[in-house]
Amino acid sequence: MQTNSLITKGKVPPNAVELEKSVLGAILALDGAVERMMDIVYPIWNNPNVLYDEYNRLIYGILIDLYEKKISIDLMIISTKVMERIPLDVFNPFFYISELTNKPAINVEHSARIVYEKYLAREILTHAYSII
């Protein structure tokens with residue numbers, strides 16, 4: 001993904017980080033939220049780059065992996081897997097993930113759709129800048 005080229009040109013790529021967090025919170029806290037998210041972003045539901053924030057992408061990637069392996073989503077497992085990739089002194093997954101579960105998206109479909117639209121906008125801009 002070339003969104004860094006957008007940032008270096010002084011532009012912040014389209015994003016909805018707070019909605020990303022609420023969708024992740026819904027996936028962690030609400031039954032069936034994973035399937036509802038997948039319905040919105042299909043066929044790229046297993047692409048963490050749909051999310052803008054790097055920590056959200058990491059967590060979503062772990063959630064996808066657990067889901068595909070049919071492993072129950074557990075906050076400790078997710079936190080441990082995050083710590084395998086990012087040192088605890090750089091990022092505290094325990095605090096971040098607990099914050100996610102405090103504000104899950106009630107309407108996960110609507111929130112996921114907005115997150116997906118922002119992803120599509122970033123992709124269009126990335127391709128447009130590559131042409132220029």
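For the exercises below, Ala, Val, Leu, Ile, Met, Phe, Trp, Tyr, Cys and Pro count as nonpolar, and Asp, Glu, Lys and Arg as charged, while the others, Gly among them, count as polar. Please keep in mind that the model is predicted.

**Exercise 1. The largest cavity**

Find how many cavities of 30 Å³ or more the structure holds, and work out how the lining of the largest cavity divides into nonpolar, polar and charged residues.

*Solution.*
- Step 1. Searching the whole structure gives 1 cavity of 30 Å³ or more. The space in the largest cavity comes to about 60 Å³.
- Step 2. Now list the lining: Ile27, Val34, Met37, Met38, Trp45, Tyr60, Leu63, Ile64 and Tyr67.
- Step 3. Assign these residues to helices. Both α3 (33-41) and α4 (54-68) supply at least two lining residues each, and α4 gives the largest share, with 4 residues.
- Step 4. Sort by class: the lining has 9 nonpolar residues, no polar ones and no charged ones.

**Exercise 2. A network of salt bridges**

Find the number of salt bridges in the structure, then say which residues are joined into one network by shared partners.

*Solution.*
- Step 1. The whole structure contains 4 salt bridges. We will look at some of them in turn.
- Step 2. Try Asp65 and Lys69: their closest N and O atoms are 3.3 Å apart, which makes a salt bridge. Lys69 is exposed, at 53% relative accessible area, whereas Asp65 is partly exposed at 25%.
- Step 3. Next take Glu18 and Lys21, whose side chains form a salt bridge with an N to O distance of 3.5 Å. Both residues belong to helix α2 (residues 17-29) and sit 3 residues apart, about one turn of the helix.
- Step 4. Compare their exposure. Lys21 has 17% relative accessibility, so it counts as buried, because the cut-off for buried is under 20%. Glu18, at 46%, is partly exposed.
- Step 5. Glu18 also meets Lys103 in a salt bridge, with 3.2 Å between the closest N and O atoms. This pair links distant parts of the chain: Glu18 is in helix α2 and Lys103 in the loop between α6 (93-102) and α7, 85 residues apart. Lys103 is partly exposed, with 37% relative accessibility.
- Step 6. Put the shared partners together: Glu18, Lys21 and Lys103 are joined by salt bridges into one network.

**Exercise 3. The span of helix α7**

Check whether the end-to-end distance of α7 (residues 108-131) agrees with the span expected at 1.5 Å a residue, and list the buried residues of α7.

*Solution.*
- Step 1. The expected span is 1.5 Å times one less than the number of residues. Helix α7 has 24 residues, so it should span 34 Å.
- Step 2. The end C-alpha atoms of α7 are 35 Å apart, which agrees with the expected value.
- Step 3. Buried in α7 are Val108, Ser111, Ala112, Val115, Tyr116, Tyr119, Arg122, Glu123 and Thr126.

**Exercise 4. The surroundings of Leu28**

Decide whether Leu28 is buried or exposed, and find which residues it contacts beyond its neighbours within four places in sequence.

*Solution.*
- Step 1. Locate the residue: Leu28 is part of helix α2.
- Step 2. Its relative accessible area is 14%, so Leu28 is buried.
- Step 3. With neighbours within four places in sequence set aside, Leu28 contacts Leu63, Ile73, Leu75, Ile78, Ile97, Leu100 and Thr101.
- Step 4. For a distance check, take Ala121, 93 residues from Leu28 along the chain: the C-alpha atoms of the two are 26 Å apart.

Terms used. Residues are numbered from 1 along each chain as its sequence is written. This is a predicted model: local features need pLDDT of at least 70, side-chain atom pairs count only at pLDDT 80 or more; totals for chains, interfaces and linings use all residues. Side-chain values use heavy atoms; hydrogens and water are left out. Buried means under 20% relative accessible area, exposed over 50%, partly exposed in between (1.4 Å probe, protein chains only). On a 1 Å grid over the protein atoms alone, a cavity is a set of points where a 1.4 Å probe fits but cannot get out, and a pocket is an open set with protein on both sides within 12 Å along at least five of seven lines; lining residues have an atom within 4 Å of a point. Grid points are joined across faces, edges and corners, and a volume is the space filled by probe spheres set on the points. Contact means heavy atoms within 4.5 Å.
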